[in-house]
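Colleague: Hey, I'm new to this one. Could you pull it up and walk me through it?

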Amino acid sequence: MAALGVATGGGDWFSALALGVTLLKCLLIPTYSRTLLFQRFSVIFTDTLFVYAVHECCKCIDGKKAGRELTEKPKFILSVLLLWNFGLLIVDHIHFQYNGFLSGLMLLSIARLFQKRHKEGAFLFAVLLHFKHIYLYVAPAYGVYLLRSYCFTANKPDGSIRWNSFSFLRLISLGLIVFLVSALSLGPFLALNQLPQVFSRLFPFKRGLCHAYWAPNFWALYSALDKVLSIIGLELKFLDPSKIPKASMTSGLVQQFQHTVLPSVTPLATLICTLIAILPSIFCLWFKPQGPRGFLRCLILCALSSFLFGWHVHEKAILLAVLPMSLLSVGKAGDASIFLILTTTGHYSLFPLLFTAPELPIKILLMLLFTIYSVSSLKTLFRKEKPLFNWMETFYLLGLGPLEVFCEFVFPFTSWKLKYPFIPLLLTSVYCAVGITYAWFKLYVSVLTDPPVGKTKKQ
């Protein structure tokens, strides 16, 4: 670990950050449930890959804006934003999952593409995709970027493709990598005639549009509107109670259901919406090349688009966008603003995962510490530029405080708790969905308006 710190050119500060967060993870072992120590320590051990990936990502960061103090350097800030990420801490080390290991594979593949090691990046992503199929959402960004920047070896002075520079050998090498990884992963299931069973479990469409706890996306807004309209309709006697579907969005169960007032949503509809949301970023990646940073922006937009419009999205999937957005946050003030809105609302939306009284002070304290550091460090980094937030964004983010007070300390003592027990989850999902949608829209505007980076020759 000490070697990693020396390699970053900043002494042993990276090692200290990694060791510090590891010790915190050990302190969190008793939280949430009485899980086996082996499982808890296995998560911490596999996070070694995540630490290495963060180290490699730091090498890809431009240090021109670095201040005199260590804490003002972009590499230091990025290391803290990734290693001490609040979402990963509570999801993996309190709620208990293995997202750190998977995120490490993703970040390492991104770093390899920044370092022009395209085949390594493709291999790592292929491995990642077979570990967890949710990363299929960002596969279009990888496919288009590798085709555009690796299979085509040169550009015209205006940045457009030199079509005669296409390399079939490079395309075959990428295809071979994907084929071999897929063969090793799926070959045993194919040999045992179990492949249909695998795919049926990978895409469980019978689970319904939304998870038991709504992810803060477009369908949360859609379903909340349907719920409000149904309540109004019942109060005004416009709706017949006997004709309202029994399966309810707010029942807390994972199941299929029908909307009451608005048209019900099918898996095909969510797929079409997701593709429509992704396509502009893919076109920009092809026709407005902006190098590896353009690829990273496209990847984030693909992740956010699938989060907003996908079928049965889990709230934890927001980490697919938050973690890579951290890399952009230390490069430009505009990206820092988007990151802070996205990460604050995305992290707060994870609060209902930890619903017992002992976890309440832990999650509030950890999020406050991470959020305060994120805002203060990025404001310091871009102090010579315009403020990171306008008045509307500031008002929205500060509104998370009163929302938390109401959901945790006021609502349990009201008469609404028995009649409308879903209100805290509904308010949290809807409020955070507004912020995440706004961040997605703001990032899209940035991608569509930024000029292409013209290069006459690629390395």
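Modeller: Sure, here is a quick chat about the confidence, the pocket and one helix.

Colleague: What kind of model is this?

Modeller: This is a predicted model. The chain averages a pLDDT of 86, and 89% of the residues score at least 70.

Colleague: And where is the pLDDT below 50?

Modeller: Residues 1-9 are one such stretch, with 18 contacts in the model beyond near neighbours in sequence. Residues 249-255 also stay under 50, and the model has 18 contacts for them beyond four places in sequence.

Colleague: OK, pockets now. What volume does the largest pocket have?

Modeller: About 1,000 Å³.

Colleague: How many residues line the largest pocket, and which lie nearest its centre?

Modeller: The lining has 36 residues, and those nearest the centre are His133, Ile134, Tyr137, Leu202 and Trp311.

Colleague: How does that lining divide into nonpolar, polar and charged?

Modeller: There are 22 nonpolar residues, ten polar ones and four charged ones.

Colleague: Which helices each supply at least two residues of the lining?

Modeller: α6 (99-114), α10 (195-202), α12 (267-287) and α14 (319-329) each do that. The largest share comes from α12, with seven residues.

Colleague: Let's switch to α14. Is that helix mostly covered or mostly open?

Modeller: Mostly covered: eleven of the eleven residues in α14 are buried.

Colleague: Which residues are those buried ones in α14?

Modeller: Among them are Leu319, Leu320, Val322, Pro324 and Met325, along with two serines, Ser326 and Ser329. So α14 is buried, with under 20% relative accessible area for each of its residues, and α14 also supplies at least two residues to the pocket lining.

How values were computed: Residues are numbered from 1 along each chain as its sequence is written. This is a predicted model: local features need pLDDT of at least 70, side-chain atom pairs count only at pLDDT 80 or more; totals for chains, interfaces and linings use all residues. Side-chain values use heavy atoms; hydrogens and water are left out. On a 1 Å grid over the protein atoms alone, a cavity is a set of points where a 1.4 Å probe fits but cannot get out, and a pocket is an open set with protein on both sides within 12 Å along at least five of seven lines; lining residues have an atom within 4 Å of a point. Grid points are joined across faces, edges and corners, and a volume is the space filled by probe spheres set on the points. Helices (H or I, at least four residues) and strands (E, at least two) are DSSP runs, numbered from the N terminus. Ala, Val, Leu, Ile, Met, Phe, Trp, Tyr, Cys and Pro count as nonpolar, Asp, Glu, Lys and Arg as charged, and the others, Gly among them, as polar. Buried means under 20% relative accessible area, exposed over 50%, partly exposed in between (1.4 Å probe, protein chains only). pLDDT is the predictor's confidence in each residue, from 0 to 100. Contact means heavy atoms within 4.5 Å.
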